[in-house]
Amino acid sequence: MTNITINPNFIPVIKRVGKEQTAVIVIDDFALNLNDILDDAQHNQTFTKDDNSYYPGVRATLPKDYVNQVLRGVYEGLYKVYGIPRSAKLIPQFNYYSLICQAEQELSLLQRIPHFDTTGAFYFAILHYLNPGPHGGTGLFRHTVTDFERINNDRADHYFKSNEQYMSQYGEPEAKYHIASSDTFELYEEIAYKPNRLVIYPGNLLHSTIVDLNKDIDANPKTGRLTANMFVEFK
């Protein structure tokens, strides 16, 4: 059994970010220690490329008991912070250890720009920074052409068409990680990497890892940018 003990005294910080003032939850010192989860990642897991997503690295499945403990620690807060109807039930989606390891010259088009996970209103990403740093944090971006920070069902078509039109006129972005503001995406908030920091944000926020090219391109779970990535939806 892979266990963590949630810090009973953790203090969530609710950050209102961007023009849309979207709530992002940041919890430092989330677990009392990370020994078991780090040991599991470093010695018990086999990391492989995730062919079902555009993640630029390798992943392994998180232990169910760890995921359950994390979700038990935060789900009540999600209802309150995001105004989720009590009739909606939490449904876990995907749960991975993640390590970035893809070289910049190998990035596909969609890996070179900020992305969103879903257009759903009550779909959330839960990110736990695990390994000692320093490593790159998580950047939140505004699409400068449309001024969108979140891509919901009503905005998706306009967002995609705007991107297509811009690229047809000016060309595709060069093959590199999107780690700063550009002509099309403005970096308006960065959530720094800190070991044992838990971050929760809506999956329809445009975001990207602020990849540290000197330290983050590393598939070794002992030294790389090891994170636990959990995705949940309330339906």
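**Close-up views of a predicted model**

**View 1. The hairpin of strand 1 and strand 2.** Arg16 stands opposite Ala23 in strand 2. The model is predicted. Strand 1 covers residues 12-17, and six bridges tie it to strand 2 in the antiparallel sense. Four residues lie between the strands of this hairpin. Gly18 takes a positive phi there, near 70°.

**View 2. The two faces of strand 2.** Strand 2 spans residues 22-27 and is mostly covered, with six of its six residues buried. Thr22, Val24 and Val26 are on one side. Ala23, Ile25 and Ile27 are on the other. Both faces are covered. Ala23, the residue opposite Arg16, is thus shown here among the buried residues of strand 2.

**View 3. Strand 2 against strand 9.** Strand 2 also pairs with strand 9. The sense is antiparallel, over three bridges. Val26 has Val199 of strand 9 as its bridge partner. Val26 is buried, on the side of strand 2 that also holds Thr22 and Val24. Strand 2 therefore appears in two antiparallel pairings in these views, with strand 1 and with strand 9, under the pairing rule of at least two bridges.

**View 4. The two faces of strand 6.** Strand 6 runs over residues 123-129. It is mostly covered: seven of its seven residues are buried. One side carries Tyr123, Ala125, Leu127 and Tyr129. The other carries Phe124, Ile126 and His128. Both faces are covered.

**View 5. Strand 6 against strand 11.** Strand 11 covers residues 227-234. Seven bridges join it to strand 6, and the two strands run antiparallel. Tyr123 stands opposite Glu233 of strand 11. Tyr123 is buried, on the side of strand 6 with Ala125, Leu127 and Tyr129.

**View 6. Strand 6 against strand 9.** Strand 9 spans residues 198-202. It pairs with strand 6 over five bridges, again antiparallel. Pro202 in strand 9 is the bridge partner of Phe124. Phe124 is buried, on the side of strand 6 with Ile126 and His128. Strand 9 pairs with strand 6 and also with strand 2.

**View 7. Asn7 and its contacts.** Asn7 lies in the segment before strand 1. Its relative accessibility is 13%, so Asn7 counts as buried; the cut-off is under 20%. Asn7 touches Asp29, Phe30, Ala31 and Leu32, leaving aside residues up to four places away in sequence.

**View 8. The whole chain, for orientation.** The chain has three helices and eleven strands. From the N terminus, the order is β-β-α-β-β-α-β-β-β-α-β-β-β-β. The C-alpha trace spans about 55 × 40 × 25 Å along its principal axes. The radius of gyration is 17 Å, which agrees with the value near 18 Å for a compact globule of 235 residues. Of the 235 residues, 50% count as buried. Among contacts with a separation of 6 or more, 83% join residues 24 or more positions apart.

**View 9. Surface and charge of the chain.** The accessible surface comes to about 11300 Å². Carbon and sulfur atoms account for 48% of that area. The chain has 22 positive and 28 negative charges, and their mean positions are 6 Å apart.

Conventions
Residues numbered from 1 in each chain as written. Predicted model: local features only at pLDDT ≥ 70, side-chain atom pairs only at ≥ 80, totals over all residues. Heavy atoms only, no water. Rg over C-alpha atoms; globule rule 2.2 N^0.38 Å. Buried < 20%, exposed > 50% of the residue type's maximum accessible area, 1.4 Å probe, protein only. Contact = heavy atoms within 4.5 Å. Areas by Shrake-Rupley, 256 points an atom, 1.4 Å probe, with all protein chains shown as cover. Lys, Arg positive; Asp, Glu negative; His and termini not counted. Charge placed at Lys NZ, Arg CZ, Asp CG, Glu CD.
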